[in-house]
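Visitor: Please show me the model, and then let me ask on what grounds each label is given.

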Amino acid sequence: SAPAIFSANTLVVEGRPHMSNLFYQTKAPRPTLARAEGIYMWDTSGKRYIDGSSGAMVSNIGHSNPAVLAAMRAQMDKSTFGYRLHFQTDASEALADKVASLTPKGLDRVFFVSGGSEAVESTLKLARQYALTQGQAQRTKVISRYPSYHGSTLGALAITGYAPMTAPFDPMMHAMPKIPAPRAYLDGLDPTDTATGLHYANMLEAKILEEGPATILAFIVEPIGGASTGALVPPAGYMQRIRQICDQYGVLLIHDEVMTGGGRTGRFFGADHWDVTPDIIALSKGFGAGYVPLGAMIARNDIVEAVMNGDGFIHGYTYAGNPLACAAGLAVLNEIEQHSLTENAAQMGDALKTRLEAIMQRYPVIGDVRGKGLLLAFELMADRATKEPLPAAFNAHSRLVDIAYDNGLIIYSRRTRGGIAGDHFLVCPPMIVTEPQLDEITDILDQSMQQLMAEMPH
Ligand code: PLP
């Protein structure tokens with residue numbers, strides 16, 4: 001039999017030689033999940049955890065939602081798969097109708113996929129095929145931001161600005177131009193001043209001019225940064241100016257709403273906060289909400305029509321649009337609507353942000369609290385004034401996560417290199433969270449911060 005493995009938390013888990021968890025951040029095995037309900041999860045020893053990050057900002061409506069499970073069971077009794085060349089299904093048609101009712105006007109065409117990377121890949125290929133229909137074969141470059149995260153497949157990785165994940169593969173990819181994300185808090189600029197928004201947005205124009213406008217296919221942006229930046233909210237005027245620049249140079253604007261879509265930021269799409277309409281949207285995570293692998297690309301009607309009137313979209317995934325995933329997705333969207341979960345995310349987000357700001361008052365090492373709705377983060381730094389990061393060797397990003405985990409709270413962290421200060425932590429509970437549960441979360445966080453401070457080198 002396989003030897004027992006000891007995790008960083010000194011939890012003994014049974015050796016599982018045939019199940020490889022190779023992800024680079026998963027050096028130590030975690031306990032085995034027994035069950036989950038609402039915002040809580042239990043391991044097989046009976047220990048309870050609060051899912052304070054909704055997994056990776058996925059389980060937006062909480063775990064084991066009875067309506068979603070019932071919808072899945074009902075669909076399973078009818079069919080679980082119908083290949084797209086052979087059948088259309090009521091489940092996928094119903095979900096496409098529902099999604100189109102939530103998207104900005106003129107973006108009514110929905111293409112299903114099974115995850116965020118697939119959604120982003122699809123946006124890039126649709127943009128390229130559209131440019132070809134417009135006689136613009138030289139448009140091949142997609143500008144993105146640094147830092148950013150758009151997915152782990154090679155196309156999505158080429159536009160990802162996060163060296164720890166891209167470096168080994170750089171020689172295999174087509175190098176894509178990047179501009180800095182608008183890190184006003186680090187540069188000491190006022191994010192509420194539109195001059196700040198223009199300052200960062202105009203970097204896009206400069207990059208387009210530097211590369212040659214006729215070569216630029218698209219610009220892709222997370223409306224509110226996700227894991228890469230730790231809930232970085234764009235400064236005033238930024239998103240609007242980006243839209244203007246894209247229009248001026250005939251560059252398609254792609255919103256990666258994989259993390260922000262689905263209500264988490266307090267509006268259904270993150271971009272709704274700025275009344276900006278992109279040309280193409282990528283959606284996933286909270287769309288399937290952890291019940292099924294599900295994602296979508298949503299695109300401007302005329303873009304889809306141009307491509308369909310030409311060669312058709314030369315792209316697709318076998319499992320895409322399968323009826324089980326679509327039935328679950330529709331039930332998720334119905335739950336969000338019927339229980340006003342987007343509105344709850346806005347309200348509980350404000351309440352949680354206030355609590356995080358109160359914790360910040362107690363710990364000078366917390367240098368920033370940011371985000372919108374329930375996409376919230378705080379960042380640790382050695383010095384609030386100089387924004388100097390904590391020493392990398394201290395590994396605050398993994399240490400605080402481990403302490404909180406031991407205390408029964410799951411949060412999500414990254415140490416970002418290359419332009420953003422340091423260790424940030426996403427606190428993003430499911431959108432069903434209540435005020436008493438917010439107190440539970442922040443009490444454990446406060447206690448975990450105390451423990452971290454006791455370990456901090458002086
Ligand atoms: N885009 C964004 C903004 C993301 O946050 C993620 C995942 O974290 C992805 C794309 C990739 O999604 P997936 O992991 O489902 O492939």
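Ligand shell

Guide: This is a predicted model. The ligand is surrounded by 15 residues, and the closest are Gly115, Gly116, Ser117, Gly151 and Val258.

Visitor: Which helix gives the most to the shell around the ligand?

Guide: Helix H4, residues 116-133, gives the most, with 3 residues.

Visitor: How do the residues of the shell divide into nonpolar, polar and charged?

Guide: The shell has 6 nonpolar, 7 polar and 2 charged residues. Gly counts as polar under the rule used.

The sheets

Visitor: What makes the arrangement of 7 strands an open sheet with edges, and which strands stand there?

Guide: The strands follow the order E6-E12-E11-E10-E9-E7-E8, with mixed pairing. Strand E6 (109-113) and strand E8 (178-180) each have a single partner strand, so each has one side without a neighbour in the sheet and stands at an edge. From one strand to the next the twist averages 20°.

Visitor: What packs on this sheet, and at what angle to E8?

Guide: Helix H8, residues 194-211, packs on the sheet and touches strand E7 (141-146), E8 and strand E9 (216-221). The direction of H8 makes about 155° with that of E8.

Visitor: How do you know that E11 and E12 are paired?

Guide: Pairing requires at least two bridges. Strand E11 (residues 280-283) and strand E12 (residues 295-299) are joined by 4 bridges and run antiparallel, so the requirement is met. Ala282 has Met297 in E12 as its bridge partner.

Visitor: What is the order of the sheet of 3 strands, and which strands stand at the edges?

Guide: The order is E3-E4-E5, and the pairing is antiparallel. Strand E3 (33-37) and strand E5 (48-50) are at the edges, because each has a single partner strand and one side of each is left without a neighbour in the sheet. The twist averages 25° from one strand to the next.

Visitor: How do you know that E4 pairs with both E3 and E5?

Guide: The test is again at least two bridges. E3 and E4 have 4 bridges in the antiparallel sense, and strand E4 (residues 40-43) has 3 bridges to E5, also antiparallel; each pair therefore passes. Ala36 is partnered by Met41 in E4, and Met41 in turn by Tyr49 in E5. Trp42 has Arg48 in E5 as its bridge partner.

Visitor: Which residues with positive phi are found in the two hairpins?

Guide: The hairpin of E3 and E4 has 2 residues between the strands, and Gly38 there takes a positive phi near 60°. The hairpin of E4 and E5 has 4 residues between the strands, and Gly46 in the turn has a positive phi of about 95°.

Backbone and burial

Visitor: Where is Pro147, and what is the peptide bond before it?

Guide: Pro147 lies in the loop between E7 and helix H5 (154-158). The peptide bond from Tyr146 to Pro147 is cis, with omega near -5°.

Visitor: Why is Asp275 called exposed, whereas Ser340 is called partly exposed?

Guide: Asp275 has 10 other C-beta atoms within 10 Å, and the limit for exposed is 12 or fewer, so Asp275 is exposed. Ser340 has 13 C-beta neighbours inside 10 Å; buried needs 20 or more, so Ser340 falls in between. Asp275 is in the loop between strand E10 (252-257) and E11, and Ser340 is in the loop between helix H11 (323-338) and helix H12 (341-362). Neither is a glycine, yet phi is positive in each: near 50° for Asp275 and about 50° for Ser340.

Visitor: What makes Met172 exposed?

Guide: Met172 has 9 C-beta neighbours inside 10 Å, and 12 or fewer is the condition, so Met172 counts as exposed. Met172 is placed in the loop between helix H6 (163-166) and E8.

Visitor: How do you know that the buried residues of helix H2 are on the same side?

Guide: Val68, Ala71 and Gln75 are buried in H2, residues 66-76. They cover an arc of only 60° around the axis, so they lie on the same side of H2. The buried residues of H2 pack against helix H3 (90-102) and H11. On the other side of H2, Pro66, Ala70, Arg73, Ala74 and Met76 are exposed.

Technical notes: Residues numbered from 1 in each chain as written. Predicted model: local features only at pLDDT ≥ 70, side-chain atom pairs only at ≥ 80, totals over all residues. Axes fitted to C-alpha atoms, helices over the stretch in contact; angles between N-to-C directions. Contact = placed C-beta atoms within 7 Å. Near = placed C-beta within 6 Å. Arc of directions from axis to C-beta.
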